[in-house]
Amino acid sequence: MLSPFSCPTLEGSVGPVSLTDPIFISDLHLSHTEPDTLHAFLRFLESDADHHRELLILGDFFDYWIGDDASFTMQVVVDALRHHAKTHALYIMHGNRDFMMGERFAKEIGATLLKDTIVAKVGQQTLLLSHGDAWCTRDHDYQAVRRRVRSIWWQWLVMRLPLTMRLSIAENARAKSLSRKSTKAAYLTDVTPDVVLEAATKAKATLIIHGHTHRPTVEAMTDTVTRIVLPDWHFVGDKPKRGGYVCLDGATPKLVTFTERHD
Ligand code: MN
């Protein structure tokens, strides 16, 4: 039994990570309230993800995460990931919803927890990977909240609360974030291009992959730097509304979005 106290903000590998044939996803926002998305992910693990050596989850995999000691609430996902990790390399990064994932959970599923942001090498190519919320620098209110919940003292305090209290904090935050999002100007909830480009230049990266904004795109930022935004997942019944992944076709990045039922 690992210690119940975890400080995820201090945990995670700083990379760089060496990859050969990665597939990237983010923003599935898995929860029991959206079982069809959960099932779509389980199908994805056995199909598309199975054909790639490494699976990288770049944040907001869960709609919220109240602590590694509550991983039993998502046992189906834990079992599926652990099974996948037996034959594939698995990497997971914090998002703004599941930033309380720690090393204990990563160990439980056989994954490597990655710091946000991180450099990855695929052959000769240098990639910069991030969830993306830290690059939404024009949203000062959000960044202030982000700093608070990523602080050691906040995490230390929260992890000492009983699960039921942590759950109500998470549900409160989720409701607030939903109502704020609907009233915010679009540019506030998007990344700041200059900040992203500066990070890519510093990392000598030619390809940036991030999620968070729910605005999937492949964009040439300069002659040499490409930015890819991962799609969020939202399945209802047989027909997905949204979903997809990014993989590399040789050196060329490929954004695949699901438009029909994904079996
Ligand atoms: Mn996010």
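Good morning. I begin with the lining of the largest pocket, which by class comprises 15 nonpolar, eight polar and 15 charged residues. The structure before you is a predicted model, and the values that I quote are computed from it.

The pocket holds about 870 Å³ of space. Its lining consists of 38 residues, and those nearest the centre are Asn-96, Val-145, Ala-173, Ser-177 and Arg-180. Two or more lining residues come from each of helix H4 (140–149), H5 and helix H6 (163–183). H6 provides the largest share, with 10 residues.

Asn-96 leads us to the metal site. Which residues coordinate the manganese ion? The donors are Asp-60 through OD, Asn-96 through OD1, His-131 through NE2 and His-212 through ND1, at 2.0 to 2.2 Å. Along the sequence, these donor residues follow the spacing D-x35-N-x34-H-x80-H. Asp-60 belongs to the loop between S3 and H2, and Asn-96 to the loop between S4 and H3, so this pair ties together parts of the chain that are 36 residues apart in sequence.

Are these two donors buried or exposed? Asp-60 has a relative accessibility of 1% and therefore counts as buried. Asn-96, at 17%, also counts as buried, because the cut-off for that class is under 20% relative accessible area.

I turn now to the nonpolar interior. The largest nonpolar core contains 40 residues, and Phe-41, Phe-44 and Phe-61 have the most contacts inside it. Several elements each supply at least two residues of this core, including strand S2 (22–25), helix H1 (35–46), strand S3 (54–58), helix H2 (75–85) and strand S4 (89–93). Helix H3 (103–109), helix H5 (152–158) and strand S13 (244–249) are also among the elements that do so. There is, in addition, a second, separate core of 19 residues, whose members include Met-93, Ile-118, Leu-207 and Val-246.

Let us look more closely at Phe-41. What does Phe-41 contact, once its neighbours within four places in sequence are left aside? The partners are Ile-25, Leu-28, Leu-30, Phe-61, Val-77, Leu-81 and Trp-233.

I close with Thr-37, a residue of helix H1. Thr-37 has a relative accessible area of 1% and is buried. Not counting residues up to four places away in sequence, Thr-37 touches Leu-28, Leu-30, Trp-233, His-234 and Phe-235. Leu-28, Leu-30 and Trp-233 are thus contacts of Thr-37 and also of Phe-41.

Thank you for your attention.

Key: Residues numbered from 1 in each chain as written. Predicted model: local features only at pLDDT ≥ 70, side-chain atom pairs only at ≥ 80, totals over all residues. Heavy atoms only, no water. Core = buried A, V, L, I, M, F, W, Y, C linked by side-chain atoms within 4.5 Å. Buried < 20%, exposed > 50% of the residue type's maximum accessible area, 1.4 Å probe, protein only. Helix = DSSP H or I, 4+ residues; strand = E, 2+ residues; numbered from the N terminus. Contact = heavy atoms within 4.5 Å. Donors = N, O, S within 2.8 Å, 3.2 Å for Na, K, Ca; no water. 1 Å grid on protein atoms, 1.4 Å probe; cavity = no way out; pocket = protein on both sides within 12 Å on 5 of 7 lines; lining within 4 Å. Points joined across faces, edges and corners; volume = space filled by probe spheres on them. Nonpolar A, V, L, I, M, F, W, Y, C, P; charged D, E, K, R; others polar.
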